[in-house]
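Reader: I would like a close look at a single part of this model, namely the surface patches and the residues that sit in the helices around them. Please set that part in the context of the whole chain before turning to individual side chains.

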Amino acid sequence: MGLLLVGRRWRGTLRGALVVAGCLVLVTLPLLVRPGAPPNPSALPLPYGRNLAIVLAVVAAGATAYVLVQRRRERAQRDGGDGRGGGGGGDGGEDADDRRDGDD
């Protein structure tokens, strides 16, 4: 996975999500691959496979949301800080008003 992330823009976020997902799988994996019925019936009271898939989906959604928020912030800063893409303000409008006043 590290080779696939080389040169990617959001590699830090992706690495973090992959580390969290890997830790979750490592914690859950022994309970999932245990052969036969557990000696203690309370050891697997829930469907761990389904719950692991849900938690991994939440981790992926969280990483995606983080990347989208960062992109939006960068776009807002690049467009002038107001988030509208207009370049930040009323300079153009004030100049147009001054020109109209002088033409009358």
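Author: Read from the N terminus on, the elements of the protein run α-α-α-α, and the count is four helices and zero strands. The model is a predicted one, and every value below should be taken in that light. Of the 104 residues in the protein, buried residues make up 11%, while the accessible surface comes to about 8200 Å², with 58% of that area belonging to carbon and sulfur atoms. As for how the chain meets itself, 46% of the contacts between residues at least 6 apart in sequence join residues that are at least 24 apart.

Against this background, the charged part of the surface can be taken up. Arg71, Arg72, Arg75 and Arg78 form a positive surface patch. One of these residues, Arg72, lies in helix α3, which spans residues 48-78, and Arg72 counts as exposed because its relative accessibility of 65% is over the 50% cut-off.

Helix α3 also holds Glu74, a residue that counts as partly exposed because its relative accessibility is 30%, a value between the cut-offs of 20% and 50%. When residues up to four places away in sequence are left aside, Glu74 touches Arg9 and Trp10.

The nonpolar part of the surface is described by another group of residues: Leu29, Leu32 and Val33 form a nonpolar patch, and together they offer about 250 Å² of accessible area. Leu32 is found in helix α2, which covers residues 11-33, and with a relative accessibility of 36% Leu32 is classed as partly exposed.

Thr13 belongs to helix α2 as well, but its setting is of another kind, since a relative accessible area of 18% is under the 20% cut-off and Thr13 is therefore buried. Not counting residues up to four places away in sequence, Thr13 touches Ala63, Tyr66 and Val67.

Taken together, the side chains discussed here cover each class of accessibility: Arg72 is exposed at 65%, Leu32 and Glu74 are partly exposed at 36% and 30%, and Thr13 is buried at 18%.

Technical notes: Residues numbered from 1 in each chain as written. Predicted model: local features only at pLDDT ≥ 70, side-chain atom pairs only at ≥ 80, totals over all residues. Heavy atoms only, no water. Patch = residues over 30% accessible without salt bridge, like charges linked within 9 Å, V, L, I, M, F, W, Y side chains within 5 Å. Areas by Shrake-Rupley, 256 points an atom, 1.4 Å probe, with all protein chains shown as cover. Salt bridge = Lys/Arg side-chain N within 4 Å of Asp/Glu carboxyl O. Lys, Arg positive; Asp, Glu negative; His and termini not counted. Charge placed at Lys NZ, Arg CZ, Asp CG, Glu CD. Helix = DSSP H or I, 4+ residues; strand = E, 2+ residues; numbered from the N terminus. Buried < 20%, exposed > 50% of the residue type's maximum accessible area, 1.4 Å probe, protein only. Contact = heavy atoms within 4.5 Å.
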